[in-house]
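Reader: I would like a close look at one part of this model: the enclosed spaces and what lines them. Please start from a single residue and work outward.

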Amino acid sequence: MMKRIHTLLALATLVFGLSSKVFAQDERNQSLVQSEKNGWEYEVRAGVNIGGASPMPLPKEIRKINSYSPKLNGSIAGMMTKWLNCNRQLGITLGLRLEEKGMETGATVKNYGMEIIDGGQRVAGNWTGKVNTVYKSSFVTLPVLGAYRINDRWKLRAGPYVSYRMDGEFSGFVSDGYLRSGSPIGEKVNFTDDKTAVYDFNSNLRRWLWGFQAGGSWRAFKHFTVNADLTYGINNIFSSDFHTITFTMYPIYMNIGFGYVF
């Protein structure tokens, strides 16, 4: 008898648990249906950023790009869109995105503003020779976008964004050249025969960045989307009191990925 009671209790617990899950799932589905009726749309996205931080246009100091690697810069985002009219053609999209932006480049430069670390001492001046740079930063980004639905498959969006940098690196090394200390006609310090010197501008990176984003989505299936967005930074990745690099470096990236629409 006791064994039957235990069995019935176990079955009752299992049924109650399954019923609770079904009810919770049904309640969640009803909430999503009600939100959709009120003109709301929710989506999670994942993707990669391809691009780099660059002056626009390239200044005369950069004579040649020798190498470029975009690195693997991941992103994950939650987006919600409020459609403003009954046919759901115009709307406003808000989002929160965690992302990485980075690159690795090699260039040949002339009279390039530089501060190297040589023998433990920092020496600033104008560098002529080769420069290898690693840039990478992690951001929390808030986009505020206008949305336009062309049809059931295609949707466009554009608007501003603001990013907060959580951490970052802008460093590298110089080689096969010389540094004019202080100015283009200063004392000459040669770096030849595989001699290198490192530089580190990590502490000079700006915390807050803002810019413009534009892109679109293709709805491949009912819940699955393919997304592409171009982000163009408006302000310099370096803080305003940093003058070693004399031109503005803009973060310019294309984000490509996929999403799930609830």
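Author:
**From one tryptophan to the cavities**

Beyond the residues up to four places away in sequence, Trp83 touches Gly39, Glu41, Arg88, Gln89, Leu90, Gly91, Ala147, Arg149 and Lys155. Trp83 sits in strand E3. This is a predicted model. Is Trp83 buried or exposed? Trp83 is buried, because its relative accessible area is 3% and buried means under 20%. Asn38 lies 45 residues from Trp83 in sequence. In space the two are 8.5 Å apart, C-alpha to C-alpha.

Now the cavities. How many of 30 Å³ or more does the structure hold? There are three.

Take the second largest cavity, since Trp83 leads there. Its space is about 80 Å³. Glu41, Arg149 and Lys155 are contacts of Trp83, and these three are among the residues that line the second largest cavity. The lining also includes Glu43, Asp152, Arg153, Trp154, Ser217, Arg219, Thr225 and Val261. Which elements supply at least two residues each to this lining? They are E1, strand E6 (154-181) and strand E8 (208-219). By class, the lining has seven charged residues, two polar and two nonpolar.

The largest cavity comes next. Its volume is about 140 Å³. It has 16 lining residues. Nearest its centre lie Arg45, Ala77, Arg97, Asp229 and Asn255. Five strands give at least two residues each: E1 (40-54), E3 (73-83), E4 (90-118), E9 (224-233) and E10 (250-261). E1 has the largest share, with four residues. E3, the strand that holds Trp83, is one of the five. The class split here is eight polar, four charged and four nonpolar.

One open space is worth setting beside these. The second largest pocket has a volume of about 300 Å³. Its lining counts 20 residues, and Ala53, Ile62, Ile65, Met103 and Thr105 are nearest the centre. Two or more residues come from each of E1, strand E2 (62-69), E4 and strand E5 (121-149). E4 gives the most, six residues. What classes make up this lining? It has 14 nonpolar and six polar residues, with no charged ones.

Two of those central pocket residues lead on to the core. Leaving aside neighbours within four places in sequence, Tyr135 is in contact with Ala53 and Met103. Its other contacts are Lys101, Gly102, Glu169, Phe170, Leu205, Ile237 and Tyr253. Tyr135 also belongs to the largest nonpolar core, which has 28 residues. Along with Met114, Phe170 and Phe238, Tyr135 has the most contacts inside that core. E4, E5, E6 and strand E7 (188-200) each give the core two or more residues. E4 again gives the most, with six. In soluble globular proteins, nonpolar side chains tend to be buried together.

Last, confidence. The chain averages a pLDDT of 88, and 87% of the residues score at least 70. Residues 1-9 stay under 50 in pLDDT. For that stretch the model has zero contacts beyond four places in sequence.

To recap by lining: the second largest cavity has seven charged residues. The largest cavity has eight polar ones. The second largest pocket has 14 nonpolar ones.

Definitions and conventions:
Residues are numbered from 1 along each chain as its sequence is written. Side-chain values use heavy atoms; hydrogens and water are left out. On a 1 Å grid over the protein atoms alone, a cavity is a set of points where a 1.4 Å probe fits but cannot get out, and a pocket is an open set with protein on both sides within 12 Å along at least five of seven lines; lining residues have an atom within 4 Å of a point. Grid points are joined across faces, edges and corners, and a volume is the space filled by probe spheres set on the points. Ala, Val, Leu, Ile, Met, Phe, Trp, Tyr, Cys and Pro count as nonpolar, Asp, Glu, Lys and Arg as charged, and the others, Gly among them, as polar. pLDDT is the predictor's confidence in each residue, from 0 to 100. Contact means heavy atoms within 4.5 Å. Buried means under 20% relative accessible area, exposed over 50%, partly exposed in between (1.4 Å probe, protein chains only). A nonpolar core is a set of buried Ala, Val, Leu, Ile, Met, Phe, Trp, Tyr and Cys residues joined through side-chain atoms within 4.5 Å.
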